[in-house]
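Please open the structure in your viewer and get your selection tool ready. We will make a few stops together.

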Amino acid sequence: QVQLVESGGGLVQAGGSLRLSCAVSGSIFSGYVMGWYRQAPGKQRELVAAITNGDNTNYSDSVKGRFTISTDNAKNTVYLQMNSLKPEDTAVYYCNVATGLVSWYVYWGQGTQVTVSS
């Protein structure tokens, strides 16, 4: 069983930075995708950034060039460095891990609130 615990959310002014962390416990298969999603009030949850097998990254157009996803070598922590934050980045941010070989399993964290004031 994989458990995810996010931290690092908070209140920041527009133009500021935050770094989210997601502590991953449990066994991860050699094939995995780790990602960050967000959900703003009244909106659907959307993918923000993802990293596959530790090196291939992809980002939503809305955060490209401002956010960076990374992991530590032991796959124990997933980070999301968020720079040049905008009020529209305000949302609950969720860590997500999908892992498996033949069958894949998907896990979610509890979420952390990010609020960007104008």
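Here is a short tour with two main stops, the disulfide and a threonine. Keep in mind along the way that this is a predicted model.

**Stop one: the disulfide**

Start by selecting Cys 22 and Cys 95, and show their side chains. The two are joined by a disulfide, with an S to S distance of 2.1 Å. A search of the whole structure finds one disulfide, so there is no second bridge to look for.

Now colour by secondary structure. Cys 22 sits in strand β3 (residues 18-25), while Cys 95 belongs to strand β9 (residues 91-100), so the bond ties together parts that are 73 residues apart in sequence.

Zoom in on the bridge itself and look along the S-S bond. The torsion there is about -85°, which means that the disulfide of Cys 22 and Cys 95 is left-handed.

Next, switch on a surface. Are these two cysteines buried or exposed? Cys 22 has a relative accessible area of 0% and is buried. Cys 95 is buried too, again with a relative accessible area of 0%.

**Stop two: Thr 112**

Move on to strand β11 (residues 112-117) and select Thr 112, which lies in it. At a relative accessibility of 10%, Thr 112 counts as buried because the cut-off is under 20%.

What does Thr 112 touch? Leaving aside residues up to four places away in sequence, show Glu 6, Gly 9, Leu 20, Ala 91, Val 92 and Tyr 93: Thr 112 contacts each of these.

Finish on Gly 9. Its backbone nitrogen lies 3.3 Å from a polar atom of the Thr 112 side chain.

Note on methods:
Residues numbered from 1 in each chain as written. Predicted model: local features only at pLDDT ≥ 70, side-chain atom pairs only at ≥ 80, totals over all residues. Heavy atoms only, no water. Disulfide = S-S within 2.5 Å. Helix = DSSP H or I, 4+ residues; strand = E, 2+ residues; numbered from the N terminus. Buried < 20%, exposed > 50% of the residue type's maximum accessible area, 1.4 Å probe, protein only. Polar contact = N/O pair within 3.5 Å; in protein donor to acceptor, adjacent residues only side chain to side chain. Contact = heavy atoms within 4.5 Å.
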